Amino acid sequence: MSAGEPGSGAARGPFRVGDRVQLSGPRGKVHSITLAAGGRFGTHRGEIRHDQLIGIPDGSVVEASNGDRWLALRPLLSDFVMAMPRGAAIVYPKDAAQILQLADVFPGATVVEAGVGSGALTLWLLRGVGPEGRLLSIERRDEFADIARANVAARHGGVPANWSLYAGDLREALPAALDADPQLGPGSVDRVVLDMLAPWECLDAVADALAPGGVLVCYVATVTQLSRTAEAIRARGGFTQPQASETLVRGWHLDGLAVRPDHRMVAHTGFLLQTRRLAPGVEAPEPARRGSKTEYGEEDVELWTPGALGERPKSDKRMRRVVRDAEKLARETGAEPGAGAAPEVPAGEGSPSGDAGLGG
Ligand SMILES: C[S@@+](CC[C@H](N)C(=O)[O-])C[C@H]1O[C@@H](n2cnc3c(N)ncnc32)[C@H](O)[C@@H]1O
C-alpha cells in the first residue's frame, strides 16, 4: 500500500515497503524512489540501500556509501504532482490552490472536472471533496485517461471509490453520466472546473449540470481564450458576471542578510475565470458599462487553433511511454492501475457507476 495521500492508509509513521520517499542530496539534487525490501538507489557517486530507510521516521537523514548525506521525506502532494509522469500540461500547485478557493470546493461536494490530462488537478480536487464527496472526471483522450488513472492510483494506493473517470467529450459524457446515476441528475452538481482548450463549447452542458448558485471555474492558458470564454458566458446568460485573475508566486532567497526575491520564477501558467450559476429563468443585471467590441471575426478565431496556441502534438510512441511510466509507478506502490481505456458514456445510455467505471 502506498504511503501517499492522507486517508489512503499509510501517510504517517516510519517508512514502509511501497512508500514513495523523496531524497534530497548534495547540491540540491532531488530523487523520488519507491521503497522495496533489498532495493538500492544509486547515483554515480554512491549508493543508498532501501533497507537503511525502511523502519526509520519520516524526515530522517541517511548516509550514502560515499558519505553523502541525503534527507528523506514523504513527498507532499505538490511534490508528487510535479514529479509524476505527464502526458498533457498539468495545473501547477499554485493554481490548484486558487482553484480550490475560487470554486469553493468543500468536503462532501459533488464536483465535475474536464479534461483530466495527467490527473494533477484531479488529485487536488479529490483532496478537497474528501471521502464524503464525489468527483466526476471527464477526458476525451483515452491515453490521457490511462495516465491520470495510474497517477491517481499511485498516490492513493488504488483507485478511490468516490472517483468516476469517464471517456468522452464533456458535452455528451456529462449529461449521460448524470442521467445514469440515480443519486445525480441535471442541477445536482455543486462545482465544475474546466481545464481545456475551448471551455465556451461546454457551457450548455455545464449550465444543465450545475445547481443554482453552483460555481464554474475555467483555467485557460491565453488571454484570447479568457476573453472568448467570458463573452460566451455573457452571451449565453444564466451565469453571474465572470471574474478573472491570475496568480503569480515569487519565491524568495533567504540566506543571512541576503534576503531578496529569487532571480527566476514561473511567470505564466494560466488565467482563472469564475462565475456562478443563476436560478432557472434568472438573468444577471447588466454590468454598469460595456464599451468594447465583443464579436469575433474569422481572423480572431484563427488565433485559437491548437497550433497557434503553442500546443505541440505528442507522438503516439511518446504517449505509450508515459502510460507505461505511470502504470509502473502505480504498480511499484502496490496499486493496480487498472487496464484499458475509461468507459465510453454514450449519450442517453446507462453509464457505469463511478467506481466500476474506473476499471480499477
Ligand atoms: C491541459 S489538459 C488538462 C490537465 C489537467 N487538468 C491536469 O492538471 O493534469 C487538457 C485536457 O482536456 C482534454 N479535453 C479538451 N476538451 C475536452 C472536452 N470537451 N471534453 C473532455 N476533455 C477535453 C484534452 O484531451 C486534454 O487532456
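These are my notebook entries on a predicted model of a protein with a ligand.

**Overall**

I began with the counts. The protein has 11 helices and 15 strands. Of its 360 residues, 40% count as buried. I then looked at the contacts with a separation of 6 or more, and found that residues 24 or more positions apart account for 67% of them.

**Around the ligand**

I listed the residues around the ligand and got 23. Val91, Gly115, Gly117, Ala120 and Met196 come nearest. Next I asked which elements give two or more residues to this shell, and these are helix H4 (120–129) and strand E8 (134–139). By type, I noted 14 nonpolar, 4 polar and 5 charged residues in the shell.

**Strands E8 and E9**

From E8 I moved to its pairing with E9. The two strands run in the parallel sense and pair over 5 bridges. I found Ile138 opposite Tyr166 of E9. Between the two strands the chain passes through helix H5 (residues 142–156), and I recorded this β-α-β crossover as right-handed.

I then checked how enclosed E9 (residues 163–167) is. Because 5 of its 5 residues are buried, I put the strand down as largely enclosed by the rest of the structure. On one side of E9 I see Trp163, Leu165 and Ala167, while Ser164 and Tyr166 point the other way. The residues of both sides are buried.

**Helix H3**

Which residues of helix H3 (residues 93–102) are buried? I wrote down Asp95, Ala96, Gln98, Ile99, Leu100 and Leu102. I also looked up what covers them. The cover includes H4, strand E10 (189–195), strand E11 (210–220) and strand E15 (271–276). H4 is thus on two of my lists, as it also gives residues to the shell around the ligand. Just after H3, I noted that Asp104 takes a positive phi of about 55 degrees.

**Pro75**

My last entry concerns a loop residue. Pro75 sits in the loop between strand E6 (69–73) and helix H2 (77–83). Is Pro75 buried or exposed? I count Pro75 as buried, because it has 20 C-beta neighbours inside 10 Å and the cut-off for buried is 20 or more.

Leaving out residues up to four places away in sequence, I listed what Pro75 touches: Arg20, Gln22, Ser32, Phe80 and Ala83. I also took the spacing between Pro75 and Leu23. These two are 52 residues apart in sequence, and their C-alpha atoms are 9.2 Å apart in space.

Conventions. Residues numbered from 1 in each chain as written. Predicted model: local features only at pLDDT ≥ 70, side-chain atom pairs only at ≥ 80, totals over all residues. Near = placed C-beta within 6 Å. Helix = DSSP H or I, 4+ residues; strand = E, 2+ residues; numbered from the N terminus. Nonpolar A, V, L, I, M, F, W, Y, C, P; charged D, E, K, R; others polar. Buried ≥ 20, exposed ≤ 12 C-beta atoms within 10 Å, placed from the backbone. Pairing = 2+ DSSP bridges. Right-handed = clockwise from strand over helix to strand, strands pointing away. Contact = placed C-beta atoms within 7 Å.
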